[in-house]
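Colleague: I would like to learn how to read a model like this one, feature by feature. Please give the general idea each time, then the case at hand.

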Amino acid sequence: MPLLQISEPGKSAAPHQHNLAAGIDLGTTNSLVASIRSGIAETFPDIEGHHLLPSIVHYSEMAITKVRDDEIIVGNAAKSFANQDPLNTIASVKRLLGRGLKDIKTLGTRLPYEFVENEGQGMPMIRTVAGLKSPVQVSADILKVLKKRAEKTLGGELTGVVITVPAYFDDAQRQATKDAATLADLNVLRLLNEPTAAAVAYGLDKGASGIHAIYDLGGGTFDISILRLHHGVFEVMATAGDSALGGDDIDRVIAQWIMQQAHIANDAEHHQIRELLDVARTAKETLSTQNTAPLNIKLDNGIQWQGELTHSQFHELIDPLIQKTISPCRRALRDARLTVADINEVVMVGGTTRMPRVREKVGDFFQRPPHIDIDPDKVVAIGAAIQADILAGNKPDDDMLLLDVIPLSLGIETMGGLVEKIIPRNTTIPVAKTQEFTTFKDGQTAMAIHVVQGEREIVLDCRSLARFELRGIPPMVAASARIRVTFQVDADGLLSVSATEETTGVHSEITVKPSYGLQDTDIERMLRDSLEHVQKDVATRTLREQQVEADRVINALRAALKADGHHLLKHHEFLEISAALDELLRVKEGNHVQAIKRAIEHLDEITQSYAQRRMDTAIHHAMTGHRIDEFTQEN
Ligand code: AMP
């Protein structure tokens, strides 16, 4: 199946021109930049040969006086300030991107920074000696270093970059990532989901279709994503993970074991614990290639303790932790309604997947050997670089352009608190869809547009994304105005909604940037809820629709009675209609759909002759002063 191709006007490359483009993995712990050179995707090192740039930024007072980028210290050099000056050394800023202060407080980890609420914008700021810094600015400082590194290596300016984000990043987190790129003077060709980038690095997008598991175990976090390649589109079928599980936990269990062996007390000095963790980490990494790892610790009493960690002891210590990653794998499969047998390929991402034991256990679970050929630290950046090269127009023969889908349906609130879905979930992006709406009441001159996200039928069960108003609608009879509402989702999953009244052209629009976002678990919950409540939701929808119809009938009839009821109806007719109207008003408040329907039908029946009389009167008025043939002749 050929993949969709989009050529951006004015962006496609001349045959021999090569547009410089890069892929950036903006990670929680480390970031990388990669590009295609001589047909090969590679990550770029700094002058000391380090490819990984620790995602740590240190701000010093110097940075206020003269804001030169190189006075803001980023990476390894900033790492050394983490202990001595934690308030001004920002690490793991990705966890804060696109989050409100409320979300940050619930992150679980205690952060050493001083947060200041930024009135109006909802974005929290971090107080540093160099002034208030938003997570977007801190991320931009990391991106600037990567941009410089790439431009120096490639010998020219970058035309664009692809930046990767976790699959579960919501609109606000994606927008914050794009804002950071803009601040770093980078042109974002596209944001790409990290697991999708890893799949691209292994060329899995070249297959016709398939279901792949991307297992990402880093230093501090674990993510599993199930991707489905279908008609050239990677759909994220499910994600799961553990935001507090990774290589650091393995270091801790080894360190604890050494403490027991060397009889080190649990309340040992901080520096002793630090040393133990360093020794543990070295031993762990040694055991990825050797059968045993020597252990040497200088104890506080001056004695040098020596020991050894064997493979079998190591496995005994770490197997429970590896096992902890298997439960989220099971959960992700269950959520995607799949079994292990449905998985075609397994891709390993993250430094901890270098451990042969992890590869073995993951291979056992998925019943197939995982892909391990590409450095698991670089695989995401490499996938992003491949994608950036295509988007920059360097591969005119390559008809592939990877497209994503939206994870939850987008719609607007209609009368009765119901949701009208405009773009259903799993629609390929970019996408634009338009639907016509109309006014509910006579003379209505404004319309409140409430944009919601979710699978449920009732607004209250969905997530509210934004509200805006369309004003200046000319007063008309109910249901005669034509309001076109357009939903547009760009390639990065950002939504803009616009509304236009057709006759006057009055227009209003909004770009949705929620101040805080959904976690992957929220998306999972919303999808599960929608499946569990499907019957109840359909029933509620039918009832609400019937109630809205009742309101419409009541409003129209009341207006008619007020205008000419006493004039056109005999007294007993007036009383009969009024009684039926009261009955409809009464049953409308209940939850009996059929009763409301019957009351509407009854009212319809007994008002037929009244409607006829009204019609006749209207025609009579219209014809007064005209000859009959004016109405019968064709012109
Ligand atoms: P990441 O967050 O993806 O950079 O992964 C970092 C984690 O990978 C740290 O816990 C490292 O100790 C671990 N790691 C890196 N190389 C190896 C290796 N050769 N064997 C075992 N773990 C490793």
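Modeller: Start with the ligand and its polar contacts. A polar contact is a pair of N or O atoms within 3.5 Å; within protein, one must be able to donate a hydrogen and the other to accept it, and residues adjacent in sequence count only if both atoms are side-chain atoms. Here an N or O atom in the side chain of E285 is 2.7 Å from an oxygen atom of the ligand. R354 has a polar side-chain atom 2.8 Å from a nitrogen atom of the ligand, and D377 has one 3.2 Å from an oxygen atom of the ligand.

Colleague: How much of the ligand's area does the protein bury?

Modeller: The ligand taken alone exposes 500 Å², and the protein buries 85% of that. Such areas come from the Shrake-Rupley method with a 1.4 Å probe; for residues, only the protein chains shown count as cover.

Colleague: Before we go on, what kind of model is this?

Modeller: This is a predicted model, in which local features need pLDDT of at least 70, side-chain atom pairs count only at pLDDT 80 or more, and totals for chains, interfaces and linings use all residues. Residues are numbered from 1 along each chain as its sequence is written, and side-chain values use heavy atoms, with hydrogens and water left out.

Colleague: Which residues are closest to the ligand?

Modeller: A residue is near a molecule or strand if one of its heavy atoms lies within 4 Å of it. The ligand is surrounded by 15 residues, and the closest are K284, E285, S288, G351 and R354. Helix α9 gives the most to this shell, with three residues.

Colleague: What do labels such as α9 stand for?

Modeller: Helices (H or I, at least four residues) and strands (E, at least two) are DSSP runs, numbered from the N terminus.

Colleague: How does one read strand pairing, say for β11 and β12?

Modeller: Two strands pair if DSSP finds at least two bridges between them. Strand β11 (residues 160–165) pairs with β12 in the parallel sense, over five bridges. V162 stands opposite R190 in β12. Between the two strands the chain passes through helix α6 (residues 171–183), and this β-α-β crossover is right-handed. Right-handed here means that, with the strands pointing away from the viewer, the path from the first strand over the helix to the second runs clockwise.

Colleague: Is strand β12 buried or exposed?

Modeller: Buried means under 20% relative accessible area, exposed over 50%, partly exposed in between (1.4 Å probe, protein chains only). Six of the six residues of β12 (residues 188–193) are buried, so this strand is largely enclosed by the rest of the structure. Q175, in helix α6, is buried with a relative accessible area of 13%.

Colleague: What is there to see in the loop between α6 and β12?

Modeller: Look at phi. Most residues other than glycine have a negative phi. D185 lies in that loop, and its phi is near 60°, a positive value. D185 is exposed, with a relative accessible area of 60%.

Colleague: And how is an open sheet read?

Modeller: Follow the strand order and find the edges. Four strands form an open sheet in the order β23-β26-β27-β28, with antiparallel pairing. At the edges stand β23 (431–437) and β28 (507–511), each with a single partner strand, so one side of each is left without a neighbour in the sheet. Strand β27 (residues 495–501) is joined to β28 by five bridges, and T500 stands opposite H507 in β28.
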